[in-house]
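Got the structure open in your viewer? Here is a walk through it, one selection at a time.

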Amino acid sequence: MNIPFRNTLFALAFALVTTAVARAADDLLIADFEGPDYGGWKAMGEAFGDGPARGTLPGQMRVDGFEGNGLVNTFRGGDDSMGTLTSPPFRIERRHLAFLIGGGKNEQKLALQLLVDGRVVRSATGPNDRSGGSESLEPGSWEVSDLMGRTASIRIVDEAKGGWGHLNVDHLRQTDVRPKGPQIDVERSIAVTARYLHLPIRHGAPKRVVTLRVDGQTIVRNDIELADGPADWWAPMDVSAWRGRTVTLHVDRLPAESTALASVGQGDEIRDADTLYAERLRGQFHFSPKRGWNNDPNGMVFFHGEYHLFFQHNPYGWDWGNMHWGHAVSRDLVHWQELGDKLLPDDLGPMFSGSAVVDWKNTSGFGKDGKPPLVLIYTAAGNPTVQCLAYSTDGRTFTKYPGNPVLKQITGGNRDPKVMWHEPSQRWVMVLYVEWQKKHTIHFFHSPNLRDWTLGQIVEGDATGKPYLYECPDFFELPVDGDPNRRKWVLLAANSAYAVGTFDGARFVPEQSNLTGHRGKGFYAPQTFSDLPASDGRRIQIGWFQTATKGMAFNQSMTVPLELRLLGTADGPRLTFTPVRELEALRSSTVFQAPGPVDLAIGAPNPLAAVAAELQEVRAVIRPGDATEVAFTVRGVPVTYDVKRQELVVDGHRAPAPLHQGSLDLTVYCDRTGLEVFASRGLCYVPMPVPPKAGDLSLSVRAVGGPVRFERLEVHGLRSAWKAR
Ligand code: FRU
């Protein structure tokens, strides 16, 4: 026998054996929940249903981070449903048992358990124990070498009710490769050299609890979709107050390989400032925050020559959350300057909606050196949810009142105080939304000084008792048809449904209620300016314009400022909405103007064929005569007047638009994010957050069923309100 050959063979065999030993044995799948049912697993109770969930369940925040299409999701039937799900027995044959887990945190009541001989030998729970948070599943594992060879089973337990009373579990497997665990309580200290820290955001990433600390003190805590790798965009966190000092960013949990904290940078400008306000889906004359999400307008007030617009702001996400009060000012209602967040979440909770007043007589005592204070009245939506004050004498820096809250919780659903000075009774009046006895109500309070409030009245519903006033109430007086001797009070809420009636400082007596405000879509939580100078005499409203701007570093916007009036009609006084005249300052070119009346025949060529403008203002007074339709197309969006039904149809959405003495006035404002259409002397206001067709700059009109006469037809191209004037 040839010895060297034998040796080679031996060596080869040895090498094969050692690689086999060194190589980890393949993973053993316990369950991936991809099938239509739970297979051999046994479900008890309601929380599990007949089989695995396919992702997010109705009413649940978006669930992600699971593998494939199915997972165990005990939100079935809501948070209150309970039960257990138990696997068939299996042998422990690998050193680790790995899984994905998410949902509520409760070691006792929400558990993924490993059972051996009927005893719980390992247990894990989800990460969330407070409102907010994330439904994302994240990797977890147990080291089980001591149990090698034993027979075990897995049990998923949901005995929890209420908020976060559910668990998400997926992809259970046995493995010899130790799964990398997450990093817990990760910190980075940063010597502040600039105005902002830039935080990496990825839409849809798991939310991390990110806390800014200075000298061991928590400044603010936010739930942030931190990017563990490349960021979609960078959220600026203003740390200018600590320039030259060291701050600490603390994150509750990060995956092993996350680059999130290391990637946080600094700068005096926000990142990507060169494209600011020029972004593909940035409304060009509708206010939106530079970065993050907005919802309701808040604290709208005129003070020292400036219109102040505060707003519900999530500075650190594309979706709702982390409610701050953002702040912007304007001198003309058209050009807005965003100044940065003024109310940050604190120990009393996130900063929900509210209003602002100028306390001219310094009834609150917050004034200084004879200067009247600007007072913000807001909801701190913690547990309890309470009403609070903050004040300023310069309209720039705000101090939260140390005596907060000024109004204790009535029910958990009490929010959105709107305050006004009632001159005849010389006191403040607050309307507050209260979800009370399972009804949507408005509570009226009054106060001599903004700090002490007394309940006056509760308005519950319309004449039939039906509730219609949801959230964000507003309350103001308007003359009917401009007649100062015929004044009525209007009580209006988030969906812009309203009542008209009388008010003597103590009681609001509705004469007509549950009237319809706007007639479009995506309009909510409007508010009107407080303290406009008497010489102005207008009531000006701005609403939240729900323009979804996917893929942008910002989301949502505000409507254009609207002038509200009460118009006397055969049915009684009705609110009208018209765009404020200040918007005319945006006109950059008159693209079409008929010198006199224009007659448009059926089949006639489009008289507006020369129009090529991205931002358009269309003004028309139309006599439709015997025509059946007057059909405009504004950058691809159909805006049609249905003459027979006297309805305006905007992108398929119908709204009543009565003719007045045989004619219809029509105004269209077209921006990158949508259209706002006004008709019938303001009785018909149709906000429509549909972006017009990119690249289509056209405008056309045709007559259908008969010729149409335009008494006025005028089109203006508009300039961006973000560009220097
Ligand atoms: C309305 C609303 C308010 C609340 C705020 C929270 O959109 O739900 O009732 O104060 O948003 O962001």
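**Start at a hairpin**

Select S27 and S28 and go to the turn that links them: four residues sit between the two strands of this hairpin, and Gln426 there has a positive phi near 50°. Keep in mind as you click around that this is a predicted model.

Now look along the two strands themselves. S27 and S28 run antiparallel, with seven bridges joining them. For one pair to label, pick Asn414, which faces Val434 in S28. If you colour S28 by accessibility, you'll find the strand mostly covered, with seven of its ten residues buried.

**On to S29 and S30**

Stay with S28 (residues 427-436) and add S29 (residues 439-447) to the selection. These two are antiparallel as well, and nine bridges hold the pairing. Two pairs are handy landmarks here: Val431 has Phe444 of S29 as its bridge partner, and Val429 stands opposite His446 in S29.

What sits at the turn between S28 and S29? Their hairpin has two residues between the strands, and Gln437 takes a positive phi near 50°.

Carry on from S29 into S30 (residues 454-459). The pairing is antiparallel over five bridges, and Ile442 is the residue to label, since across from Ile442 you'll see Val459 in S30. The link in this hairpin has six residues between the strands; check Leu450, where phi is positive, near 75°.

**The ligand**

Next, select the ligand and show what surrounds it. Which residues come nearest? Of the 13 around the ligand, they are Asp296, Gln312, Trp320, Arg415 and Asp416. Colour the shell by residue type and you get six nonpolar, three polar and four charged residues.

Switch on distances for three side chains, each with a polar atom facing a ligand oxygen:

- Arg415: a polar side-chain atom is 2.7 Å from an oxygen atom of the ligand.
- Trp320: the distance from a polar side-chain atom to a ligand oxygen atom is 2.9 Å.
- Glu471: here a polar side-chain atom and a ligand oxygen atom are 3.2 Å apart.

How much of the ligand's area does the protein bury? On its own the ligand exposes 320 Å², and the protein buries 91% of that.

To place the shell in the fold, show S19 (292-303), S23 (351-358) and S27 (414-422) as cartoon: each of these strands supplies at least two of the shell residues. You've already met S27 at the first hairpin, where S27 pairs with S28.

**A glutamine that reaches the backbone**

Now go to Gln527, which you'll find in strand S35 (residues 523-528). Is Gln527 buried or exposed? Its relative accessibility is 6%, so Gln527 counts as buried, the cut-off being under 20%.

Show the side chain of Gln527 and draw two distances to backbone nitrogens. A polar side-chain atom of Gln527 is 3.1 Å from the backbone nitrogen of Gly299. For Met300, the backbone nitrogen lies 2.9 Å from a polar atom of the Gln527 side chain.

**The sheet that starts with S23**

Return to S23, one of the strands that contribute to the ligand shell, and select S24, S25 and S26 along with it. Together they make an open sheet of four strands in the order S23-S24-S25-S26, with antiparallel pairing. S23 and S26 (399-400) are the edge strands, each pairing on one side only.

Zoom in on the S23 side of this sheet. S23 and S24 (residues 374-380) are antiparallel and joined by seven bridges. A good pair to label is Met351 with its bridge partner in S24, Ala380.

**Last stop: a three-stranded sheet**

Finally, select S16, S13 and S18. They form an open sheet in that order, S16-S13-S18, and the pairing is antiparallel. Why are two of these strands called edges? S16 (233-238) and S18 (265-267) each have a single partner strand, so one side of each has no neighbour in the sheet. Rotate the view to see the twist: on average, neighbouring strands here are turned by 40° against each other, direction ignored.

To finish, look at how S13 (residues 196-201) meets S16. The two run antiparallel and six bridges join them. Label Pro200 and Trp234 for a closing view: Trp234 is the bridge partner of Pro200 in S16.

Terms used: Residues numbered from 1 in each chain as written. Predicted model: local features only at pLDDT ≥ 70, side-chain atom pairs only at ≥ 80, totals over all residues. Heavy atoms only, no water. Pairing = 2+ DSSP bridges. Axes fitted to C-alpha atoms, helices over the stretch in contact; angles between N-to-C directions. Near = heavy atom within 4 Å. Polar contact = N/O pair within 3.5 Å; in protein donor to acceptor, adjacent residues only side chain to side chain. Areas by Shrake-Rupley, 256 points an atom, 1.4 Å probe, with all protein chains shown as cover. Nonpolar A, V, L, I, M, F, W, Y, C, P; charged D, E, K, R; others polar. Buried < 20%, exposed > 50% of the residue type's maximum accessible area, 1.4 Å probe, protein only.
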